[in-house]
Amino acid sequence: MGAPPPAPAATPAVTLEHVAKRFGDVTAVHDAHFTIARGEFFSLLGPSGCGKTTTLRLIAGFETPSAGRVLLEDQDVSTVPPYRRRVNTVFQHYALFPHLSGYDNVAFGPRSLGLREGEIRRRVGELLGVVRLADLGSRRPAQLSGGQQQRVALARALVNFPVALLLDEPLGALDLKLRQAMQLELKRIQREVGITFLYVTHDQEEALTMSDRIAVMAEGRIEQIDTPQAIYHSPASVFVADFLGRANLLPARVAAVNGTQLSVTIAGGHVVQLRAPAWTAAAGAAALVMVRPERVRVAVAQLPGALPATVVDVVFQGPVVQCALRAADGTALVAHLGLGAATPILVPGQQVFVDWDPDAPRLLPPAGNGGGA
């Protein structure tokens, strides 16, 4: 697409070296230390106020680090103003020029650089093709839908080939169906242009759908950085497990440690075998066993090693039936059951038996003792 010569493949697009940001007595970002590879779709995920937008603003240059360094392609830009950084930002409100056509909105950047009109036409034409607006370039923003306006904003941000495109919850203004469609479009566009995307969101579905890697943030700290699959199935902390989807978190105590295997007791003495976690779990230590609801099986006939429980509530949710359960000692569980022929018909008050596959549970440290990034 006529981009400037790329940096060596091994050079990260973005690097944060022990970056902190303080506003008076409040620390918004604590010791952020990670790299984002060239061509990677990287998401910052967390609740409102967790520091993810501040982290993005540090990379964009709208904020200056209180400590640490921000690097773009191994060049320290910690004190470089935003207009001199090779990054562009797309916000929730697209800020298109209402008096300009989609074509002229996209062409604004190349024209500001003084490029020749032939090069501008080539770049703008390619980008409008990538975002599937080649036939709508003559329309002004008011004549475009919300999703089309967003794609114009994306093309405008990409046309000067930034090192990274920073996206601050850009789908928040769209309705649910359009937002889901645009998740797939964003991932497709990112693959086609090959530019690093740094995406900020509080929506777990968005992060899981689009990202190559996710950094989960809480209270200004990075809790975990990993692939969507690893973060979902092997969370490092109670916060990550509970924030990313639904999780059963069962109070447990380590009974025995045998190399890479552990025995723990849950629900009034029920013994569970599972693999040892990355953190040190000594015999006698308190912990939590996490099992995702879709991994929980419910049977009406007694199974060897299964946990006896009582059905509390049954809710039909379309593709799944959500079943709330309670073990004999009061431990609460939730199971998401499919609608296949093998799914038992359950009613509140019914006695059932609960188990899961051996690889389903994960041992987590108690809340407040997170495993870290």
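**A tour of the chain, starting at a strand pairing**

Select F23 and V26. V26, in β2, is the bridge partner of F23. This is a predicted model, so read every feature as part of a prediction.

Now widen the selection to the two strands. Strand β1 covers residues 14-23. It pairs with β2 in the antiparallel sense, and seven bridges join the two.

Next, show the rest of the sheet. Four strands make it up, and the sheet is open. Read across it in the order β2-β1-β4-β5. The pairing is antiparallel. Which strands are the edge strands? They are β2, residues 26-36, and β5, residues 75-76. Each of these pairs on one side only.

Select residues 52-60. This is helix α1. Which strands does α1 lie across? The helix lies across β1, β2 and β4, the last being residues 67-72. Measure its direction against β1 in the viewer: α1 runs at about 115° to that strand.

Move on to E73. Look for it in the loop between β4 and β5. Its phi is positive, about 50°, although E73 is not a glycine. Most residues other than glycine have a negative phi. Is E73 buried or exposed? E73 counts as buried because its relative accessibility is 18%, and the cut-off for buried is under 20%.

Jump along the chain to E169. This residue sits in the loop between β7, residues 164-168, and α5, residues 176-193. E169 is not a glycine, yet it has a positive phi of about 45°. What is its relative accessible area? The value is 17%, so E169 is buried.

Now zoom out and show the whole chain. Color by secondary structure: there are eight helices and 20 strands. The C-alpha atoms fill a box of roughly 75 × 45 × 35 Å along the principal axes.

Color by burial next. The chain has 373 residues, and 49% of them are buried. Then turn on the surface. The accessible surface comes to about 17200 Å². Carbon and sulfur atoms account for 53% of that area.

Switch to contacts. Take those between residues at least 6 apart in sequence: 66% of them join residues at least 24 apart.

Finish with the charges. The chain holds 34 positive and 32 negative charges. How far apart are their mean positions? The two mean positions are 5 Å apart.

Conventions:
Residues are numbered from 1 along each chain as its sequence is written. This is a predicted model: local features need pLDDT of at least 70, side-chain atom pairs count only at pLDDT 80 or more; totals for chains, interfaces and linings use all residues. Side-chain values use heavy atoms; hydrogens and water are left out. Buried means under 20% relative accessible area, exposed over 50%, partly exposed in between (1.4 Å probe, protein chains only). Contact means heavy atoms within 4.5 Å. Accessible areas come from the Shrake-Rupley method with a 1.4 Å probe; for residues, only the protein chains shown count as cover. Lys and Arg count as positive and Asp and Glu as negative; His and the chain ends are not counted. The place of a charge is taken as NZ of Lys, CZ of Arg, CG of Asp or CD of Glu. Two strands pair if DSSP finds at least two bridges between them. Axes are lines fitted to C-alpha atoms, for helices over the stretch in contact, and angles run from 0 to 180 degrees between N-to-C directions.
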